[in-house]
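The following exercises ask the reader to work through the fold of a single chain, one step at a time. Each task is followed by a worked solution.

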Amino acid sequence: MTVIYGINNCDTVKKALKWLKNNEIEHTFYDFKKQELTPELLTSFVEKSGWANLLNKRSTTFRNLPAEIKDNLSEENMFNAVMEQPTLLKRPLLAINEQLHLGFKDASYQELFDNA
């Protein structure tokens, strides 16, 4: 099953969803604004991609974090921060075949689904 995680008003997520629709790829959209990010789901993301890849340090949400969190990016601090503000995650997150793919590019999605 293909699941795409993100927020509906993110331009990159919109592009990814449009690509999936145009290529007739069955998928489920998990909107962090409407569906709760569970500790189990976040743990699975971290296990598959690691914090260094998952955390969107260029986001407004990250820039607005208190200095004590940004200056101490421990796993516990990041876990708690992301649970409170899932928009700290890069978007979109595409789960397919037990793998997690970060971001969206036409060519990378095409290659991914051509090889599926």
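**Exercise 1. Determine which residues of α2 and α5 meet, and describe how the two helices pack.**

Solution. The model is a predicted one.

Step 1. List the partners: Pro-39, Leu-42, Thr-43, Val-46 and Trp-51 of α2 meet Glu-75, Met-78, Phe-79, Val-82 and Met-83 of α5.

Step 2. Sort these residues by class. The contact of α2 with α5 comprises eight nonpolar, one polar and one charged residues.

Step 3. Consider the geometry. Helix α2 covers residues 39–54 and helix α5 covers residues 75–84; they pack at an angle of about 130°, with their axes 11 Å apart. This angle makes α2 oblique to α5.

Step 4. State the hand: α2 passes α5 in a right-handed crossing.

**Exercise 2. Establish the order of the strands in the sheet, and explain which strands stand at its edges.**

Solution.

Step 1. Write down the order. The open sheet is formed by four strands in the order β2-β1-β3-β4, and its pairing is mixed.

Step 2. Find the edges. Strands β2 and β4 (99–102) each have a single partner strand, so one side of each is left without a neighbour in the sheet.

Step 3. Add the twist: on average, neighbouring strands of this sheet are turned by 20° against each other, direction ignored.

Step 4. Examine the antiparallel pair. Strand β3 (residues 93–96) pairs with β4 in the antiparallel sense over four bridges. In this pair, Ile-96 stands opposite Gln-99 of β4.

Step 5. Place the helices on the sheet. Helix α2 packs on the sheet and touches β1, β2, β3 and β4, its direction making about 45° with that of β4. Helix α6 lies across β1, β3 and β4 and runs at about 10° to β3.

**Exercise 3. Trace the chain from β1 to β2, and give the hand of the crossover.**

Solution.

Step 1. Identify the pairing. Strand β1 (residues 3–6) and strand β2 (residues 28–31) pair in the parallel sense over four bridges. Val-3 stands opposite Thr-28 in β2.

Step 2. Follow the connection. From β1 the chain crosses through helix α1 (residues 11–22) to β2, and this β-α-β crossover is right-handed.

**Exercise 4. Describe the packing of α1 against α6.**

Solution.

Step 1. Begin with the angle. Helix α1 and helix α6 (residues 106–114) pack at about 40°, and their axes are 11 Å apart. That angle makes α1 oblique to α6.

Step 2. Give the hand: the crossing in which α1 passes α6 is right-handed.

Step 3. Name the residues. Ala-16, Trp-19 and Leu-20 of α1 make the contact with Asp-106, Tyr-109, Gln-110 and Phe-113 of α6.

Step 4. Sort them by class. The contact of α1 with α6 has five nonpolar, one polar and one charged residues.

**Exercise 5. Locate two uncommon features of the backbone.**

Solution.

Step 1. Recall the general rule: most residues other than glycine have a negative phi, and most peptide bonds are trans.

Step 2. Inspect the phi angles. Glu-24 is not a glycine, yet its phi is positive, at about 55°. Glu-24 is placed in the loop between α1 and β2.

Step 3. Inspect the peptide bonds. The bond from Arg-91 to Pro-92 is cis, with omega near -10°. Pro-92 is found in the loop between α5 and β3.

How values were computed: Residues numbered from 1 in each chain as written. Predicted model: local features only at pLDDT ≥ 70, side-chain atom pairs only at ≥ 80, totals over all residues. Heavy atoms only, no water. Pairing = 2+ DSSP bridges. Helix = DSSP H or I, 4+ residues; strand = E, 2+ residues; numbered from the N terminus. Right-handed = clockwise from strand over helix to strand, strands pointing away. Axes fitted to C-alpha atoms, helices over the stretch in contact; angles between N-to-C directions. Parallel < 35°, antiparallel > 145°, perpendicular 65-115°, else oblique. Left-handed = near helix turned anticlockwise from the far one by under 90°. Contact = heavy atoms within 4.5 Å. Nonpolar A, V, L, I, M, F, W, Y, C, P; charged D, E, K, R; others polar.
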